[in-house]
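Please open the model in your viewer and keep the selection panel at hand. The tour goes from one selection to the next, with a short account of what is found at each stop.

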Amino acid sequence: MSEIVSEGGMDADTFAQFTDQLKRYVRERLMPAEEQVLEDDAIPPDLLGEMRDMGLFGLTMPEEYGGSGMNVPQYIETIRVLSYALPAYRSITSINLGMVCSALKNAGTEEQKSEWLPRLAAGEIACFGLTEPGSGSDSAAMATTAKRDGGHYVLNGSKRYITNAPHAKLGLIMARTNPESMPKNAHVSAFLVDMETDGITVGKPDKKMGQRGSHIADIYFDDVRVPADALLGGEEGRGFATAMQSLDNGRLSIGAASCGYARRILDTALRYSGERKAFGETIGNFQLIQAMLADSQAELYAAECMLRDAAAKANKGKAIIEAASAKMFASEMCNRVADRCVQIHGGAGYLAEYEAERFYRDSRIYTIYEGTTQILQLVIAKNMLRDFASGAAA
Amino acid sequence: MKILVPVKRVIDYNVKPRVKADGSGVDLANVKMSMNPFDEIAVEEAIRLKEAGKADEIVAVSIGPAKAQETLRTALAMGADRAILIETDDDVEPLGVAKILKAIAEEEKPGIVMLGKQAIDDDSNQTGQMLAALMGRPQGTFANTVEVDGDSVTVKREVDGGLETVKLTMPAIVTTDLRLNEPRYASLPNIMKAKKKPLDTKAPSDYGVDIAPRLKTTNVSEPPVRQAGDKVEDVDALVAKLKSLGVA
Ligand SMILES: Cc1cc2nc3c(=O)[nH]c(=O)nc-3n(C[C@H](O)[C@H](O)[C@H](O)COP(=O)(O)OP(=O)(O)OC[C@H]3O[C@@H](n4cnc5c(N)ncnc54)[C@H](O)[C@@H]3O)c2cc1C
Ligand SMILES: Cc1cc2nc3c(=O)[nH]c(=O)nc-3n(C[C@H](O)[C@H](O)[C@H](O)COP(=O)(O)OP(=O)(O)OC[C@H]3O[C@@H](n4cnc5c(N)ncnc54)[C@H](O)[C@@H]3O)c2cc1C
């Protein structure tokens, strides 16, 4: 496959040296600890400390803010490599590296950047609050409000399914600063909220289908007073635009999670195909099994290529169609590969004792968050139609 | 106290080596290369001694092709302070390596030269011993634990049936065994810092030693494929089978 573009990021040698170490770290440390994470439904504190020391929370923050200054293709490749292991390991880093880091980089004031970026790079955990009980895909319909009161804003409302909420020190919270919905969603603003502020309650972690070791919860805001300088960029009405700017990266990150995990799943299917015997032969000798393996490989390779291309394009500017396509295709692919892995395992694939069953449950979220497949279809089609009408299509 | 740590660039331990068709050696084209695992243990031990305040500088040295720079960068990223590459595309045998290391040790004056007990490519297990002999200094090979106290270093050695303890007066040569420690991973921040650490490049000729090969490899071949076993029904059948094979 083509090289990882290093333009605007870390130099290629340093990056190669790091991915080498990371691959080993994944194989020798993260994977052997998976059983423990599954049993405890938590990453052991020591291991989390090690992940911080490895620099995994600082990949995307600029060097002057204590990070490693990776560009989009390098960040996405790193997530792909990391995602060969249990999804919880990516999940705990994902909000720091993705949404919150890009929002701060793109829209934060100098004070906000120098306050938060080094802390995030060092591994203080962030969460991102957009979804609410009454609004998911239609997130601009949110009900949480932020009202100006002298030198403060007062937040009221609730957020739902918020990844890392139980661990977060910083919340990037989207709230209405205008009761009326406005064009370009200018009624939404973004706030950098210290999660220890009075009036914030985090609900019990939700019970989920998969992704054990990673946690989501509700966040309730009850007259939460935050200083006015918690408003991202110091300007009202920019919240939604900021979130949208970071979407390409977020989608590519899910694409990378899907590709990395699908590789693990396919390797597991290959191993089983070489071990299990039926009708006096290893099942890998049967052409119907081979067809499942071959389809999986072809689709995974396609997704990897899309991901790399979309990341290179996103590095240069907007790549809405490419990033949405890569996320949509990769996440659906991961689910198909996981489904085949179960099938190849026969009865064993249905049992919790085998990894295939877990892969199937873990993969399911990838077609839902950071834009459901249906929402992405709309995004891709709308942008294509718009580009075509304006003559911008190639 | 300074520690000199020689590190070798070898075929990665996860790679299944392939022998060249003409039997002249192992095919290294497009094969992943890494630091010899025993040398990683040596680097780790040196760093731990430095962290414990027993050493104040760690110098990593590699003898090999330009690409061995990567191996040195890994040592620097783990925590070595500076590095020396003696660049050569020739195959340098353990004796040649030991001679170069002796010359470097004379310049650098380390308290300990910490080597891997062997490299996983040629499994020679000679360099440390040869270096000790050439330098006329004590050696503690197959180290299981290393303790520095004043001007001596105590090494527990892994020997058949247990551990043997030797106390060496520094400067001394120590070679590391597998169980000495578990080497750390180079973190991303340290990999980035390592780029700014000094790495000198020299040539074998700078040391005026004769490194011409003394050995000739006549043939390299794949290990024989293990024959599949036979299953027998019961003990009687087993005994009969062994008899028929002439082993019982
Ligand atoms: C594990 C997990 C982690 C999450 N983490 C976060 C987080 O950190 N922060 C955060 O803000 N949110 C988070 N979410 C929320 C997630 O982003 C939403 O669940 C997702 O956007 C879908 O919204 P919804 O659940 O309200 O579904 P809905 O919007 O109710 O969608 C239901 C169905 O309708 C379809 N649909 C909706 N609108 C249309 C349309 N116009 N045309 C066609 N079909 C449509 C959808 O595709 C879907 O199939 C998380 C969710 C989960 C499960
Ligand atoms: C929840 C559950 C309940 C069950 N209940 C019962 C029960 O009550 N009684 C009972 O007797 N059994 C029961 N089973 C066992 C079930 O019937 C078997 O798991 C099923 O027949 C598949 O057999 P296997 O698991 O050995 O898979 P395998 O036969 O090992 O198959 C593995 C894979 O190889 C494929 N394969 C095998 N042979 C070929 C071939 N020639 N060509 C192409 N592909 C091939 C299979 O399609 C599958 O994808 C149950 C299993 C489960 C999970």
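Begin by selecting Ser91(A), which sits in helix 5, residues 87-107 of chain A. Keep in mind throughout that this is a predicted model. With a relative accessibility of 4%, Ser91(A) counts as buried, because the cut-off for that class is under 20%. Now add Ser214(A) to the selection and show both side chains, which are joined by a polar contact of 2.9 Å.

Staying in chain A, go next to Met142(A), which is placed in the loop that runs between strand 1 (126-129) and strand 2 (145-149). Is Met142(A) buried or exposed? Its relative accessibility is 1%, so Met142(A) counts as buried. If you also select Lys159(A), which is 17 residues away from Met142(A) along the chain, you will find 9.1 Å between the C-alpha atoms of the two residues.

Select ligand 1 next, together with its surroundings, which comprise 16 residues; the closest of these are Phe128(A), Thr131(A), Ser137(A), Thr163(A) and Thr372(A). Which atoms of Phe128(A) and Thr131(A) should be displayed here? For Phe128(A) show the backbone, where a polar atom lies 2.8 Å from a nitrogen atom of ligand 1, and for Thr131(A) show the side chain, which has an N or O atom 2.6 Å from a nitrogen atom of the ligand. Ser137(A) also takes part through its side chain, with an N or O atom placed 2.7 Å from an oxygen atom of ligand 1. Taken alone, ligand 1 exposes 970 Å², and 62% of that area is buried by the protein. To see which elements give two or more residues to this shell, colour strand 3 (152-163) and helix 12 (373-389) of chain A. Sorted by class, the shell holds ten nonpolar and six polar residues, and no charged ones.

Move on to ligand 2, whose surrounding residues, again from chain A, include Ala278(A), Phe279(A), Ile283(A), Phe286(A), Leu288(A), Ile289(A) and Tyr350(A). Three further residues are worth labelling for their polar atoms. The side chain of Arg276(A) brings an N or O atom to 2.6 Å from an oxygen atom of ligand 2, while Gln343(A) has a backbone N or O atom 2.6 Å from an oxygen atom of the ligand. At Gly347(A), a polar backbone atom is found 2.7 Å from an oxygen atom of ligand 2. The protein buries 43% of the 970 Å² that ligand 2 exposes when taken alone. Two or more residues of the shell come from each of helix 9 (287-316) and helix 10 (320-344) of chain A, and by class the shell has eight nonpolar residues, three polar and one charged.

Finally, turn to chain B and display its whole C-alpha trace, which spans about 70 × 40 × 40 Å along its principal axes. Its secondary structure amounts to six helices and eleven strands, and 45% of its 248 residues count as buried. For the last stop, select Val232(B), which is located in the loop between strand 11 (199-202) and helix 6 (235-244) of chain B. Val232(B) counts as partly exposed because its relative accessibility is 35%. Extend the selection to Leu238(B), Leu242(B), Leu245(B) and Val247(B), and show the surface: together with Val232(B), these residues make a nonpolar patch of about 420 Å².

Technical notes
Residues are numbered from 1 along each chain as its sequence is written. Chains are lettered from A and ligands numbered from 1 in the order in which they are written. This is a predicted model: local features need pLDDT of at least 70, side-chain atom pairs count only at pLDDT 80 or more; totals for chains, interfaces and linings use all residues. Side-chain values use heavy atoms; hydrogens and water are left out. Patches are made of residues with over 30% relative accessible area and no salt bridge: like charges are joined within 9 Å, nonpolar side chains (Val, Leu, Ile, Met, Phe, Trp, Tyr) within 5 Å. Accessible areas come from the Shrake-Rupley method with a 1.4 Å probe; for residues, only the protein chains shown count as cover. A salt bridge is a side-chain nitrogen of Lys or Arg within 4 Å of a carboxyl oxygen of Asp or Glu. Helices (H or I, at least four residues) and strands (E, at least two) are DSSP runs, numbered from the N terminus. Buried means under 20% relative accessible area, exposed over 50%, partly exposed in between (1.4 Å probe, protein chains only). A residue is near a molecule or strand if one of its heavy atoms lies within 4 Å of it. A polar contact is a pair of N or O atoms within 3.5 Å; within protein, one must be able to donate a hydrogen and the other to accept it, and residues adjacent in sequence count only if both atoms are side-chain atoms. Ala, Val, Leu, Ile, Met, Phe, Trp, Tyr, Cys and Pro count as nonpolar, Asp, Glu, Lys and Arg as charged, and the others, Gly among them, as polar.
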